[in-house]
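Here are some short exercises to work through with the model open beside you. Try each task before reading its solution.

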Amino acid sequence: LLRRGRGRLIIFSAPSGSGKSTIVQWLMQAHPELNLSFSISCTSRAPRGTERDGVEYFFLTPEEFKARITANEFLEYEEVYENRFYGTLKSQVDTQTEAGQNVVFDVDVKGGVNIKKFYGDRALSLFVQPPSIDELRRRLEGRATDAPEVIEQRLAKAGYELTFAPQFDHVVVNDNLDEAKAETLRLVRTFLGL
């Protein structure tokens, strides 16, 4: 696959507060040699601020989104609220990998498992795990961005999400951020043959 110049796929999933987004952003900014690009998802919500169609998202109407679901065009999708969809088009992933980009997915655990099943060995799936639920609680409370009941919902969801960890290729325990970054970089480099 690499010899033909096609990109590969790297999937990141984690419970909220695990540090996944921090690790992914660092990987993309500090390591341009990895040639990483986010998959560009579709959404049925309206653009916000300076968001542009085809850059941050592809913006579809709920009707267009449902028609594409019916046509089996999505790799994965989710209806977050009624008529508020998010999803990844198979054709967009193909376009990006054919351009030689290594496509990064920052998705929920179900989406991560589904993408891995679809692409098999072309994809590396990484599950970023907090050292414990207690530590996750401390981090979520430390953010001071969520009400106590929202934190409890996130912790309950995290307990469920942690049961998916064995379905991923590797689990990176984020006990120490620098060590978690280094381990993630090593796993990605090995996968890409660098």
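Two residues are in contact when they have heavy atoms within 4.5 Å of each other. This is a predicted model, where local features need pLDDT of at least 70, side-chain atom pairs count only at pLDDT 80 or more, and totals for chains, interfaces and linings use all residues. Residues are numbered from 1 along each chain as its sequence is written, and side-chain values use heavy atoms, with hydrogens and water left out.

**Exercise 1.** Find which residues Leucine 34 touches, not counting residues up to four places away in sequence.

*Solution.* Step one: start at Leucine 34 and pick out Leu27 and Asn102. Step two: add Leu185, Val188, Arg189, Leu192 and Leu194 to complete the set.

**Exercise 2.** Place Leu34 in the largest nonpolar core.

*Solution.* Step one: a nonpolar core is a set of buried (under 20% relative accessible area, 1.4 Å probe, protein chains only) Ala, Val, Leu, Ile, Met, Phe, Trp, Tyr and Cys residues joined through side-chain atoms within 4.5 Å. Step two: this core has 20 residues, and Leu34 is among those that touch the most other members, along with Ile10, Phe12, Leu27, Leu36, Leu126 and Val188. Step three: look at the helices (DSSP runs of H or I, at least four residues) and strands (E, at least two), numbered from the N terminus. Strand E1 (9-13), H1, strand E8 (123-129) and helix H7 (177-192) each supply at least two core residues, and H7 gives the most, with 6.

**Exercise 3.** Look for a second, separate core.

*Solution.* This core has 10 residues, including Leu75, Phe105, Val107 and Ala123.

Conventions: Buried means under 20% relative accessible area, exposed over 50%, partly exposed in between (1.4 Å probe, protein chains only).
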